[in-house]
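The following exercises are to be worked with the sequence and the coordinates side by side. Each task is followed by a solution that proceeds in steps.

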Amino acid sequence: MIVRDEYTINYSYRKTILENLRGLGTEMEFKRGDFIEFEFKKLNHLYLILDGKVIQYFLDIEGRERIILILSAGDLFGEITMIQQDYDQVITRAYTDVRLCKINKEDLMAYLVKNPQLYNSILLMFTTKFRILMSQLYDNSYFGAKGRLYRLLKRLSVQHEVKVEEGNKIDLRITHEELASMIGSTRSTVTRLLKELEEEGAILRKGKYIIVVEK
């Protein structure tokens, strides 16, 4: 699913995971901007997003963020650290107000023993995340800032899609600074490139939302 001209993604696992796991752990609520988990922490649990969105990012030595994933209801996170039994490599924060279900490893594994059909949905979620990260790696390897930005917007318009007359609206009130963090650039560069893409007819901006125009 490396992005070239078109981009598709399979989120069919979300409904199945929600239906199976939403009552398995402890429900928690976080406000927008709250920290949920920190890097360098060991986990013996994972989280299921019940409602809202969370953001995951690295933090460099100078304190700059590099956003790697924005996750939605039906996604799990913390699974890699839980399985590897090592230290978390990312910081996870509430991107919107969010409801989570915190599930202990022992409870999850016991449930999977009795319900092995759920493995298919969990594997689909793992590989979906991996494909997104592969696309980011591909873009960073072969494209300049403008190409990385446009291709990121195309992915986000599929991952967080609202169909509108002009194309796909990204259902995120994403800032220029966050976009810069996702492509490894600066806020001023992103502001300039968004203006260029809009002048070229590739995107539209309505308020704080971006629409990727269907061609």
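**Exercise 1.** In which loop is Gln85 found?

*Solution.* In this predicted model, Gln85 is located in the loop that runs between α2 (79-84) and β7 (91-94). Turning next to the backbone, one finds that the phi of Gln85 is near 55°, a positive value in a residue other than glycine. For the side of solvent, the relative accessible area of Gln85 is 41%, and the residue is therefore classed as partly exposed, the class between under 20% and over 50%.

**Exercise 2.** Determine which residues touch the most other members of the largest nonpolar core, and which element supplies its largest share.

*Solution.* Among the 33 residues of this core, Ile17, Ile36, Leu48 and Leu100 touch the most other members. Several elements each supply at least two residues, including α1 (13-21), β5 (65-71) and α4 (118-142), while the largest share, 5 residues, comes from β3. Taking Ile36 as one case, and leaving aside residues up to four places away in sequence, its contacts include Phe30, Tyr47, Val54, Phe77 and Leu100.

**Exercise 3.** Establish how the buried residues of α7 are arranged around its axis.

*Solution.* Begin with the list of buried residues in α7, which comprises Thr189, Val190, Leu193, Leu194 and Leu197. Viewed down the axis of α7, these buried residues fall within an arc of 130°, so they line one face of the helix. On the other side of α7, Ser188, Lys195 and Glu199 are exposed. Finally, the buried residues of α7 pack against α5 (145-159), α6 (176-183), β11 (203-206) and β12 (209-213).

Methods
Residues are numbered from 1 along each chain as its sequence is written. This is a predicted model: local features need pLDDT of at least 70, side-chain atom pairs count only at pLDDT 80 or more; totals for chains, interfaces and linings use all residues. Side-chain values use heavy atoms; hydrogens and water are left out. Helices (H or I, at least four residues) and strands (E, at least two) are DSSP runs, numbered from the N terminus. Buried means under 20% relative accessible area, exposed over 50%, partly exposed in between (1.4 Å probe, protein chains only). A nonpolar core is a set of buried Ala, Val, Leu, Ile, Met, Phe, Trp, Tyr and Cys residues joined through side-chain atoms within 4.5 Å. Contact means heavy atoms within 4.5 Å. The arc is that of the directions from the helix axis to the C-beta atoms.
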